[in-house]
Amino acid sequence: MIVAVDGPAASGKGTLARRIAAHFQYAYLDTGKIYRAVGQSVLTAGRDPENLEAALQAARALDVKDLANPELSSDTAAVAASKVAALEPVRAALLGFQKEFAASPPEGMAGAVLDGRDIGTVICPDAHVKLFVTADVEERARRRHKELLDNGEASIYSRVLQALKDRDARDSNRSAAPLKAASDAIVIDTTAMNPDEAFATALGFIQKHTD
Ligand code: C5P
């Protein structure tokens, strides 16, 4: 059983995907972390995430242990991620790991939930369930801003909003696996939903679809 969860940043897709995985006891993979780890590794090497050779070298050297680095949740890592993610050879180098995770989830688990931008379109086009989670960009910026403040970090709403718009544009307009809903995905707009409502909507769809 493969559940693909795609959508833009701060749409609630990570929270939803983790909850689906916990509910069904499936393995969970946050594929954004893979791109963040590659972007972060390029930055740590003092190189430019838009440099193909540097990004490809980092992608090929990626170790699963790198995904646990707490620095990956920073906005700096997110921006670097969206730059390396626009490079087709980098995506190609990371494809096998993601496909393998979906096909053979770790510890013999009965299913896998992957979240990202291209799970339903490229990584798992045959996923049993495809969800595309989205929300208005202003609402996503509000959530992200609140999260930063709750974590005791400095944040200015207008900057958060602009950063999300820039990242949406980079992710949607690139030629390599752009952010878009698969034609057979169900769209869940979480603008006016809390996490429980989003989960109930997703669960209803999954149960209907897999009965
Ligand atoms: O989901 P998250 O915000 O952690 O993703 C960081 C960046 O990684 C995204 O903005 C996107 O550019 C890239 N990404 C991607 N494909 C995925 C997951 C993430 O291009 N499957």
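In this predicted model, the largest share of the lining of the second largest pocket comes from β2, which gives 4 residues. Both β2 and α5 (88–103) supply at least two residues of that lining. The second largest pocket holds about 150 Å³ of space. Its lining consists of Arg18, Ala27, Tyr28, Leu29, Asp30, Lys33, Val64, Leu67, Phe97, Phe101 and Pro106. By class, 8 of these lining residues are nonpolar and 3 are charged. No polar residue lines the second largest pocket.

The largest pocket was examined next. About 1,200 Å³ of space lies in the largest pocket. Its lining is made of 49 residues. Those closest to the centre of the pocket are Ala9, Ala10, Lys13, Gly14 and Arg36. Many elements take part in this lining. The helices α1 (13–24), α2, α4, α7 (137–150), α8 and α9 (195–210) each supply at least two residues. The strands β2 (27–30) and β3 (112–116) do so as well. Helix α8 gives the most to the lining of the largest pocket, with 7 residues. By class, this lining has 20 charged, 17 nonpolar and 12 polar residues.

The ligand sits in the largest pocket. Three elements give two or more residues to the shell around the ligand: α2 (31–44), α4 (75–84) and α8 (157–173). Helix α2 gives the most to this shell, with 4 residues. In contrast, the most to the lining of the largest pocket comes from α8. The shell around the ligand has 15 residues. The closest of them are Arg36, Arg91, Arg167, Asp171 and Arg174. The residues of the shell divide into 8 charged, 4 polar and 3 nonpolar. Arg36 has a place in two lists: Arg36 is among the residues closest to the centre of the largest pocket, and Arg36 is also among those closest to the ligand.

Polar side-chain atoms of three arginines approach oxygen atoms of the ligand. For Arg91, a polar side-chain atom lies 2.8 Å from a ligand oxygen atom. For Arg167, an N or O atom of the side chain is 2.8 Å from an oxygen atom of the ligand. For Arg174, the distance from a polar side-chain atom to a ligand oxygen atom is 2.9 Å. How much of the ligand does the protein bury? Taken alone, the ligand exposes 450 Å², and the protein buries 96% of that area.

Conventions:
Residues numbered from 1 in each chain as written. Predicted model: local features only at pLDDT ≥ 70, side-chain atom pairs only at ≥ 80, totals over all residues. Heavy atoms only, no water. Near = heavy atom within 4 Å. Polar contact = N/O pair within 3.5 Å; in protein donor to acceptor, adjacent residues only side chain to side chain. Areas by Shrake-Rupley, 256 points an atom, 1.4 Å probe, with all protein chains shown as cover. 1 Å grid on protein atoms, 1.4 Å probe; cavity = no way out; pocket = protein on both sides within 12 Å on 5 of 7 lines; lining within 4 Å. Sits in = over half its atoms within 2 Å of the grid points. Nonpolar A, V, L, I, M, F, W, Y, C, P; charged D, E, K, R; others polar. Points joined across faces, edges and corners; volume = space filled by probe spheres on them.
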